[in-house]
Amino acid sequence: MTRTEYRWLLPSALADDELPGDRGRSRRTVRDWAVDITAFLCAAGFGMLALVTIEADPTTPDGVLVADSLVGAAACCGLWARRRWPVGVAVTLTAVSLVEPVAAGAMLVGLFSLAVHRPFRPVAFIGAGALVVAPVQPMLRPDPGSSFLASSVIGALLVLLVLSWGMVVGSRRQLVVSLRERARRAETEAELRAEQAQRLAREAIAREMHDVLAHRLTLLSVHAGALEFRPDAPTAEVARAAGVIRDSAHEALQDLREIIGVLRAPGESEDGNRPQPTLVTLDALVDESRSAGMRVTLDNRVADPARAPAATGRTVYRIAQEALTNARKHAPGAPVGVTVAGGPGDGLTIEVDNPAPDEPFDPVPGSGQGLIGLTERANLAGGSLDHGPRPDGGFTVRARLPWPA
């Protein structure tokens, strides 16, 4: 059942809140019409009973009877404005019922609407006035069929009853509105959390894609450039460079296929997926860079790399991979030193540094987003990363990551 299908069963206040686009029109729903008609008929019936009692008194002049009839009809008709002006209608009917018993029924309906639609303070003030009217009215217009005390007590009890009932109904409506607003807020927050989770997932995938593919594509660029500028190189060197290009292209395609697989089926893993890099595979990364012609020195001071946490080891691997990629792009031919140290309780530190290049070279385009991604990766792992140029023109990347004892 949709919202518009059951709107007619709700009061106009709740229906307008259910459909925000209809706010301000204050249209009565089918339920409102039924309640208003019933309230009008009840007030009219109460007034008719009072009018019959007044007519039964032979001392009542005919002019007073006619005046009571007109005032009672006007009071009942005034109830149709009680939704728009509950305070004004309640005050007017309370004042009129002071001298007109036929308006008592309309006054009770007005007090009920006041208690439903207004806060406690105006309800308390006007309700106190109605309690004052309860003994004054039978004093001014006594009922021949009942005593003054009985009329006063019954009038006061009816006022307290309708006020209490109206406040209960008003509190329930406020509770419904509050729960509905809370549900809307929770739904909005859930949508925002879902959007944020998607954004974080995209950023993680983009960071992973950059870390993985930049290394492979840089190898392709370096060896393709070497073949372009040295067409007279020995056949063995050309064959080796072509082999590196082929292997790097294959690895890049395989990495790209895995990332796309994660995008298509997040949370699922295929049997053919390669294991994630760890601290143990750092030697293979260095050997791969050496095979590409880089002069890399690895100083691994970790006694047992296999004991390093998987997430920490993977972060160290990505930092070394990005740093070697940047050195290959911005300082080709320069020696690179990679130092890894630490242990349980002491944390892991990795430092990658290289001097300034000795010979001119064609720079490879780069935006520096890799170092930004490495900083975010280190922060997410609970560590920190520093990077920057050295006074001699070289560049250093240094990171410290936690390793619980």
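Two strands pair if DSSP finds at least two bridges between them, so I kept that rule at hand for this notebook. My helices (H or I, at least four residues) and strands (E, at least two) are DSSP runs, numbered from the N terminus.

This is a predicted model, so I took local features only at pLDDT of at least 70 and side-chain atom pairs only at pLDDT 80 or more, while totals for chains, interfaces and linings use all residues. Residues are numbered from 1 along each chain as its sequence is written, and side-chain values use heavy atoms, with hydrogens and water left out.

**Entry 1: strands 3, 4 and 5**

I began with strand 5 (residues 395-401). Strand 3 (residues 347-354) runs antiparallel to strand 5, with seven bridges joining the two. On that side I found Asn354 opposite Phe395 of strand 5. Strand 4 (residues 384-389) is also antiparallel to strand 5, and here I noted six bridges. Asp386 stands opposite Arg398 of strand 5. I then followed the hairpin of strand 4 and strand 5, where five residues lie between the strands. Within that hairpin, Gly393 has a positive phi near 95°.

**Entry 2: strands 1 and 2**

Next I looked up strand 1 (residues 296-300) and strand 2 (residues 336-343), which pair in the parallel sense over five bridges. Thr297 has Gly337 in strand 2 as its bridge partner. Between the two strands, the chain passes through helix 11 (residues 310-330), and I logged this β-α-β crossover as left-handed (right-handed would mean that, with the strands pointing away from the viewer, the path from the first strand over the helix to the second runs clockwise).

**Entry 3: salt bridges**

I searched the whole structure for salt bridges (Lys or Arg side-chain nitrogen within 4 Å of an Asp or Glu carboxyl oxygen) and got seven. One of them joins Arg398 and Glu351, at 3.2 Å from N to O. Arg398 sits in strand 5 and Glu351 in strand 3, so this pair ties together parts that are 47 residues apart in sequence. How accessible are Arg398 and Glu351? I read a relative accessible area of 41% for Arg398, which is partly exposed, and 27% for Glu351, also partly exposed (buried is under 20%, exposed over 50%, partly exposed in between, with a 1.4 Å probe and protein chains only).

Salt bridges with shared partners also join Asp36, Arg82 and Arg83 into one network. The side chains of Arg82 and Asp36 meet at 2.9 Å, N to O. Why does this pair tie together parts that are 46 residues apart in sequence? Arg82 belongs to the loop between helix 4 (62-78) and helix 5 (86-96), whereas Asp36 belongs to helix 3. I checked the cover as well: both Arg82 and Asp36 are buried.

Back at the parallel strands, I picked up the salt bridge of Asp299 with Arg301, whose closest N and O atoms are 2.9 Å apart. Asp299 is partly exposed at a relative accessible area of 31%, while Arg301 reaches 54% and counts as exposed.

**Entry 4: helix 3**

Asp36 sent me on to helix 3 (residues 30-56), with its 27 residues. I expected a span of 39 Å at 1.5 Å a residue (1.5 Å times one less than the number of residues). The end C-alpha atoms are 39 Å apart, which agrees. For its buried residues I wrote down Asp32, Asp36, Ala39, Ala43, Gly47, Ala50, Leu51 and Ile54.
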